[in-house]
Amino acid sequence: MRKSLALTGAALAAAQGAAHSADRAATTAHLTDMAIRDADFTVTLAAPLNVNIHNMYASHASHSSHASHASHSSGSGGSYRAAPVYTPSYTPAYRPAPAPAPAPSTMPDLGPSVAPLVSPNATRATGDQLKMMIMRVQAALYSKGYDPGAIDGVMTSETKLALAKFQGAHGLPANSKMTTATLNALGVALGP
Amino acid sequence: MHALDTKAAMGGWSGPTLVKVAGLSDFAAGQLPIERMALDLRMQAGAPTSSALAALPWAGFLVDEPEQAPNGRPWVALPPDGLAVAAGDAIEVRPETHKVARRYRRGGNNNILFATERCNSFCVMCSQPPRDIQDDWRVQHLCDLVELIDRDTSQLTITGGEPTLLGQGLRRVIEHCAAHLPQTHIQVLSNGRNFGKEAPASTFVAPHPSLIWAVPLYADHYALHDYIVQSSGAFAETVRGLYALEEAKQRIEIRVVLVKPVVARLPELARFIYRNFPFIEHIALMGTEPTGFAKAHRDELWIDPADMQAELTEAVEFLSARDLRVSLYNLPLCTLPKPLWPFAKRSISDWKQHYLPACEACEVRTRCGGLFAWVTPEWTSRSIMPIKETYSCASH
């Protein structure tokens, strides 16, 4: 993809260059060549942690069973390319058919380590899973300088307050919920 | 300089030998099963104690004192001034020898996957003398290690020994890197001699999106190359290996270690590379690492970088003028003529990089790769001296 971008840019530049001298075109060609060679060394920025994974924790302490579908934007701050569009009707069992083998320069397949935590059909977290996820969120909050109280897997008022503060500081709705955007910003993966 | 392994106190270790050291953010990230991580409970880690956290099925705990570990759980206590280990690193815990080795350093500039101790060459300046032992177990070991390495690691080097002696095992390791570290640049150090035999180059077609083979070539003539690698017929095999890699559409770097007899024919070697291997992506001209066999052959091998400036300049200018990328490794800036400075890379791994007292006052130290930590006076260039940028301007 980077190569194709470089080539497109080059084609445009060359079209423009054609109006000028042949010298200019040669320079453009040289620059294009360098850009293509550079492409082999560029690093693809990481995609957000949780892409196309059903977040069964987002609606915790909420009456709306659809709250989890509300957010799909990246909170991680990293730019990424070709992020799959999150379609609310997906459950993980029907994850989109794998795209054709990823070309080296496109977003990598995130592999098994971000597979859903439990059987893909589950939409509700069990008590243990929920406790574990809350502990992860507490640990992330603590390591980012917020005070969630004890790391004990209980959504205490202290933890909720810390979560809301974190959300506020990161431009997220301060609702104390473990939305996908919040988890991305915290660096918490939904699996394994 | 820091060692890569250390004696350590430990108790009850029964879990996996390779584990990732987990801080709170690694626990939060949840990229690995708890069973493959050791929780860092040391004071320096600054994590709050939490019985709920400690009750999870960690492989073990990193502690200052054994009492810090939860009752009856496996623990390791590293000596305070020994091996530096921090969250994100991967360590190997060996209860039978009471040793802990660091196998991956988070943020390190040169993490390696050590493929095998065996080698089919016997280079006079080898820094890692080979041993003829059966160590195919390393294939599985490396696959386990790869799973513990951060996905945003920019570069990894597969080295040995001669990695291709693992045959299909090497392909397995590379495929494992492709699956777990698709964004990491992989560099394999190989003499290329095997690409017609046990590990044909076609074995390695596109298993990883960003992989380069770094192949040493020491001369434009078989006799000198075969002498340096102490192996008759090696030159012909390496040359065939280079063409086999090119045919398999692999990216290739040529590495030249600058020992005395090689330097003498360096300009000829540069022309040989240009004429015969124009498809090479990068050429690294490297100062000798004064360890291993090199120490035993000091008189035959040592040439002060100050005395190779003419050959080095001719070779670098010849290659770069023909659009071949050249880098200089392991050569301090004060030993190089200034026009060659842009080619010098900070190539010495952080854990073995070192500066001399003379470097204290140097103004370009932050741009300089320094010296190998095990450098001795007889391996030190006479031109080591602090550089004052203002003086060099005045000399214009």
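The exercises below work through a predicted model, each with a solution in steps.

**Exercise 1. Confidence and the make-up of chain A**

Task: State which scores the model carries, what the mean pLDDT of chain B is, and how many helices and strands chain A has.

Solution: Begin with the scores, which are ipTM 0.75 and pTM 0.77 for the model. For chain B the mean pLDDT is 91, and 97% of its residues reach 70 or more. Where pLDDT is low, the predicted coordinates should not be read in detail. Turning to chain A, its secondary structure consists of 5 helices and 0 strands, so that, in the order from the N terminus, its elements read α-α-α-α-α. Of the 192 residues in chain A, 31% are buried, and among the contacts in chain A between residues at least 6 apart in sequence, 64% join residues at least 24 apart.

**Exercise 2. The sheet with mixed pairing**

Task: Determine the strand order of the open sheet of 8 strands in chain B, name its edge strands, and find which helix packs on the sheet.

Solution: First, the order of the strands in chain B is β1-β8-β7-β3-β4-β5-β6-β2, and the pairing is mixed. Next, the edges are formed by β1 (5-7) and β2 (9-11) of chain B, each of which pairs on one side only; from one strand to the next the twist averages 30°. At one of these edges, β1(B) runs antiparallel to β8 (residues 99-104) of chain B, to which 3 bridges join it, and K7(B) has K99(B) in β8(B) as its bridge partner. Last, the helix that packs on this sheet is α3 (residues 137-148) of chain B, which touches β3 (18-22), β7 (90-94) and β8 of chain B, its direction making about 15° with that of β3(B).

**Exercise 3. The sheet with parallel pairing**

Task: Set out the order of the open sheet of 7 strands in chain B, and then decide which side chains of β9(B) are buried and which are not.

Solution: The order in chain B is β9-β10-β11-β12-β13-β14-β15, with parallel pairing. The edge strands are β9 and β15 (326-329) of chain B, each pairing on one side only, and the twist averages 25° from one strand to the next. Between β9(B) and β10 (residues 155-159) of chain B there are 4 bridges in the parallel sense; N111(B) has L156(B) as its bridge partner in β10(B), and F114(B) has T159(B). In a regular strand the side chains alternate between the two faces of the sheet. Along β9 (residues 111-114) of chain B, N111(B) and L113(B) point to one face and are buried, whereas I112(B) and F114(B) point to the other and are not.

**Exercise 4. Helix α6 of chain B and its partners**

Task: Classify the packing of α5(B) against α6(B) as roughly parallel or roughly perpendicular, and describe what the contact is made of.

Solution: Helix α5 (residues 222-229) and helix α6 (residues 234-247) of chain B pack at an angle of about 100°, with their axes 8 Å apart. Because angles of 65 to 115 degrees count as roughly perpendicular, α5(B) is roughly perpendicular to α6(B). In this contact, Y222(B), H225(B), D226(B) and V229(B) of α5(B) meet A234(B), F235(B) and A236(B) of α6(B), and these residues divide into 5 nonpolar, 1 polar and 1 charged. Helix α6(B) also lies across β12 (211-216) and β13 (251-257) of chain B, running at about 165° to β12(B).

**Exercise 5. Backbone and loop positions**

Task: Locate the loops that hold G161(B), K249(B), D323(B) and F277(B), and describe these residues.

Solution: Most residues other than glycine have a negative phi, and most peptide bonds are trans. A cis peptide bond joins G160(B) and G161(B), with omega about 15°, and G161(B) lies in the loop between β10 and α4 (168-180) of chain B. K249(B), in the loop between α6 and β13 of chain B, has a positive phi, near 60°; this residue is exposed, with 12 other C-beta atoms within 10 Å. D323(B), in the loop between α11 (309-321) and β15 of chain B, likewise has a positive phi, near 70°, and is exposed, with 10 other C-beta atoms within 10 Å. Finally, F277(B) belongs to the loop between α8 (266-276) and β14 (282-286) of chain B and is partly exposed, with 19 other C-beta atoms within 10 Å; leaving aside neighbours within four places in sequence, F277(B) is in contact with L242(B) and I254(B).

Notes
Residues are numbered from 1 along each chain as its sequence is written. Chains are lettered from A and ligands numbered from 1 in the order in which they are written. This is a predicted model: local features need pLDDT of at least 70, side-chain atom pairs count only at pLDDT 80 or more; totals for chains, interfaces and linings use all residues. Two strands pair if DSSP finds at least two bridges between them. Helices (H or I, at least four residues) and strands (E, at least two) are DSSP runs, numbered from the N terminus. Axes are lines fitted to C-alpha atoms, for helices over the stretch in contact, and angles run from 0 to 180 degrees between N-to-C directions. Two residues are in contact if their C-beta atoms, placed from the backbone, lie within 7 Å. Angles under 35 degrees count as roughly parallel, over 145 as roughly antiparallel, 65 to 115 as roughly perpendicular and the rest as oblique. Ala, Val, Leu, Ile, Met, Phe, Trp, Tyr, Cys and Pro count as nonpolar, Asp, Glu, Lys and Arg as charged, and the others, Gly among them, as polar. pLDDT is the predictor's confidence in each residue, from 0 to 100. A residue is buried if 20 or more other C-beta atoms lie within 10 Å of its own, exposed if 12 or fewer, and partly exposed in between; C-beta atoms are placed from the backbone.
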